[in-house]
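Work through the exercises below with the sequence and the 3D structure in view. Each task is followed by a solution in steps.

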Amino acid sequence: MNHALVRVSDGVDWQVYHAIRRSSLWQERGLTGYDDARPEERLPNHHSLLLKLDGEGIGTTRLDDLGDQTGIVRLVAVTARQRGRGHGRVLSAMVEDYARKLGLHTLFVSAVLDAEGFYSATGWARVASGAPPLLGHADSFAQMRKRIVP
């Protein structure tokens, strides 16, 4: 298996990126209204990332660089067909490496509660305070932090 994490830049990768997110994070959860034209996706400090397995897109996330050596990991998704095979751990590790190359030392995520166990198992910890305001807050999410200093 050959994994690659790429910053989304061409039309085909954008289509795959949005299709994975729409299916995994909206439709499978009974949500509607996914908007693939949100301007936040294309801001220079927002890194839309696609995990590929042997050239096929199987996972996504967006890493927002806050400019203070911290970042927010957003909307992590792995296709239903590929879940449970370790690709989430691969995506997590590759995003951390990507973040380190940007000079980030700490990452934050607002994890859906049913994913909190995954994040805890991969070194993330819940935070009660100190999360960046841009992370947002909702009772159905766990605000988590991970230090990734090399």
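**Exercise 1. Charges**

Task: Find how far apart the mean positions of the positive and negative charges of the chain are.

Solution. Step 1: decide what counts. Lys and Arg are positive, Asp and Glu are negative, and His and the chain ends are not counted. Step 2: place each charge at NZ of Lys, CZ of Arg, CG of Asp or CD of Glu. Step 3: average each set. The chain has 19 positive and 17 negative charges, and their mean positions are 3 Å apart.

Two remarks apply to every exercise. This is a predicted model, in which local features need pLDDT of at least 70 and side-chain atom pairs count only at pLDDT 80 or more, while totals for chains, interfaces and linings use all residues. Residues are numbered from 1 along each chain as its sequence is written, and side-chain values use heavy atoms, with hydrogens and water left out.

**Exercise 2. The whole chain**

Task: State which elements the chain has and in what order they run.

Solution. Step 1: take helices (DSSP runs of H or I, at least four residues) and strands (runs of E, at least two), numbered from the N terminus. There are three helices and seven strands. Step 2: read from the N terminus, which gives β-α-β-β-β-α-β-α-β-β. Step 3: compare the radius of gyration with the globule rule. The radius is 14 Å, close to the 15 Å that the rule gives for 150 residues, so the chain is as compact as a globular protein of that length. The radius is taken over C-alpha atoms, and the rule is 2.2 Å times the number of residues to the power 0.38.

Step 4: add the box. Along the principal axes, the C-alpha atoms fill roughly 40 × 35 × 30 Å. Step 5: look at cover and contacts. Of the 150 residues, 43% count as buried; buried means under 20% relative accessible area, exposed over 50%, and partly exposed in between (1.4 Å probe, protein chains only). Contact means heavy atoms within 4.5 Å. Among contacts with a separation of 6 or more, 63% join residues 24 or more positions apart.

**Exercise 3. Helix α2**

Task: Check the span of helix α2 (residues 87-101), and list which of its residues are buried.

Solution. Step 1: the expected span is 1.5 Å times one less than the number of residues. Step 2: for the 15 residues of α2 this should be 21 Å, and the end C-alpha atoms are 21 Å apart, which agrees. Step 3: the buried residues in α2 are His87, Leu91, Ser92, Val95, Glu96 and Ala99. An α-helix has 3.6 residues a turn, so residues three or four places apart point the same way. Step 4: just after α2, Gly103 has a positive phi of about 90°.

**Exercise 4. Two residues with positive phi**

Task: Describe where Asp54 and Gln69 lie.

Solution. Step 1: most residues other than glycine have a negative phi. Asp54, not a glycine, has a positive phi of about 50°, and Gln69, also not a glycine, has one of about 70°. Step 2: Asp54 is in the loop between β2 and β3 (56-65), and Gln69 is in the loop between β3 and β4 (70-78). Step 3: Asp54 counts as exposed at 54% relative accessibility, whereas Gln69 is partly exposed at 45%. Step 4: leaving aside neighbours within four places in sequence, Asp54 is in contact with Met1 and Asn2. The C-alpha atoms of Asp54 and His3, 51 residues apart in sequence, are 6.4 Å apart.

**Exercise 5. Three buried residues**

Task: Which residues do Arg21, Thr106 and Ala142 touch, not counting residues up to four places away in sequence?

Solution. Step 1: Arg21, in helix α1, is buried with a relative accessible area of 2%. Arg21 touches Trp26, Tyr34, Glu41, Thr60 and Leu75. Step 2: Thr106, in strand β5 (residues 106-112), counts as buried at 8%. The partners of Thr106 are Gln69, Thr70, Gly71, Arg145, Lys146, Arg147 and Ile148. Step 3: Ala142, in strand β7 (residues 141-147), is buried at 0%. Ala142 touches Val109, Ser110, Ala111, Leu113, Glu116 and Arg126.
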